[in-house]
Amino acid sequence: MIEQGLNTSILGKAQEKKLIGVKAINIRDYAYNKHKQVDDYPYGGGAGMVMQPEPIYEAYKGITEGLQKKPRVIYLTPQGKPFNQGMAKEFSKEEELIFLCGHYEGVDERVIDMIVTDEVSIGDYILTGGELAVMVMIDAISRLIPDVLSNETSAETETFDDNLLEYPQYTRPAVFMDHKVPEVLLSGHHKNIDTWRREQSLVRTYHKRPDLLETADLTEADRKFLDKYCKKT
Ligand code: ADE
């Protein structure tokens, strides 16, 4: 599922160009018994199954054997730190990453304590397993790696830079069903365009995601603008 899901489009090309490499490891290949079972009933009782520590530890050993630097091991769990663009940026600087996808009811806590460096959640909802979550993370991280995106689709300025939402975008035609493109964008006046875009970012964030403003990277001019804007609305 993971390898196929990441094989197409931009990430498929990035893999062909060896800008990124993705390898899915089946924990079952490290099963201890002949039934290839990797989970068992929880000690203390209760519903569901728990993934056993040995196959996960063996898989980890298999991957990291001979590596000079032990990669960060990210465990995908709804109990983890909420994933965001800042984390994607941080992870994109790592040479190698290991993702551990939980399944069933959970993973034996001892192996989490032993190998996991980061616990990450992609949102406050429960998936059947970490596979979709890891694909979301790999997508968000990979597009920040140099040359993965072409110039046209670059991640140079976009939503969540400075913790602000991106300004609105327009393309031809200049008038669509009586709706005009904002005049300033047709003016060719770059300084005014930059100012307008910054203000639009602030206005959008204020209306759509006011929570982001608390940690946004705001200049003195941004604050002044927002103060004035808030008084008007
Ligand atoms: N596994 C199950 N649900 C998850 C979530 N919301 N984020 C990350 N991993 C998960």
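Which strands does helix H4 (residues 85–92) lie across? The answer is E3, E4 and E6, with H4 running at about 175 degrees to E3. Keep in mind that you're looking at a predicted model.

## The E4-E3-E6 sheet

Let's start with the sheet under that helix. Three strands make up an open sheet in the order E4-E3-E6, and the pairing is parallel. Strands E4 (97–101) and E6 (118–121) sit at the edges with a single partner strand each, so each has one side without a neighbour in the sheet. Going from one strand to the next, the twist averages 45 degrees.

Five bridges hold E3 and E6 together in the parallel sense. If you want a spot to click on, try isoleucine 74, which stands opposite aspartate 118 in E6. H4 isn't the end of the helix story here: helix H6 (residues 131–142) also lies across E3, E4 and E6, at about 155 degrees to E4.

## Arginine 72

Now for a single residue in that sheet. Arginine 72 belongs to strand E3 (residues 72–82). Which side chain does the side chain of arginine 72 make a polar contact with? It's the side chain of glutamate 94, at 3.3 Å.

Arginine 72 touches quite a list of other residues too. Setting aside neighbours within four places in sequence, its contacts are Glu90, Phe91, Glu94, Glu96, Leu97, Ile98, Thr117 and Asp118. Asp118 turns up twice in this story, since aspartate 118 is also the residue opposite isoleucine 74.

## The E1-E2-E5 sheet

There's another open sheet of three strands, ordered E1-E2-E5, and here the pairing is mixed. Strand E1 (39–40) and strand E5 (106–107) are at the edges; each has a single partner strand, so one side of each goes without a neighbour in the sheet.

Strand E2 (residues 50–51) runs parallel to E5, and two bridges join them. To find your way around, look for valine 50, which stands opposite glycine 106 in E5.

## Aromatic pairs

How many aromatic pairs are there? The count is three. One of them is tilted: tyrosine 57 and tyrosine 60, at 6.1 Å centre to centre with 45 degrees between the planes. Both tyrosines lie in helix H3 (residues 53–64), three residues apart, or about one turn of the helix. Tyrosine 57 is partly exposed at 30% relative accessible area, whereas tyrosine 60 counts as buried at 13%.

Phenylalanine 225 and tyrosine 229 form a stacked pair, 6.0 Å centre to centre and with 20 degrees between the planes. These two are four residues apart in helix H10 (residues 220–232), so about one helical turn separates them. Phenylalanine 225 is partly exposed at 21% relative accessibility, while tyrosine 229 is buried at 16%. Why do those two get different labels, 21% against 16%? Buried means under 20%, so tyrosine 229 makes the cut and phenylalanine 225 doesn't. Ring pairs also bring in Tyr206, giving a cluster of Tyr206, Phe225 and Tyr229.

## Cysteines

How many disulfides does a search of the whole structure find? It comes back with zero. A disulfide, for reference, is a covalent bond between the sulfur atoms of two cysteines.

Buried or partly exposed: how do cysteine 101 and cysteine 230 come out? Cysteine 101 is buried, with a relative accessible area of 16%. Cysteine 230, at 29% relative accessibility, is partly exposed.

Methods: Residues numbered from 1 in each chain as written. Predicted model: local features only at pLDDT ≥ 70, side-chain atom pairs only at ≥ 80, totals over all residues. Heavy atoms only, no water. Polar contact = N/O pair within 3.5 Å; in protein donor to acceptor, adjacent residues only side chain to side chain. Contact = heavy atoms within 4.5 Å. Pairing = 2+ DSSP bridges. Disulfide = S-S within 2.5 Å. Buried < 20%, exposed > 50% of the residue type's maximum accessible area, 1.4 Å probe, protein only. Axes fitted to C-alpha atoms, helices over the stretch in contact; angles between N-to-C directions. Phe/Tyr/Trp six-rings, centres within 6.5 Å; stacked < 30°, edge-to-face > 60°.
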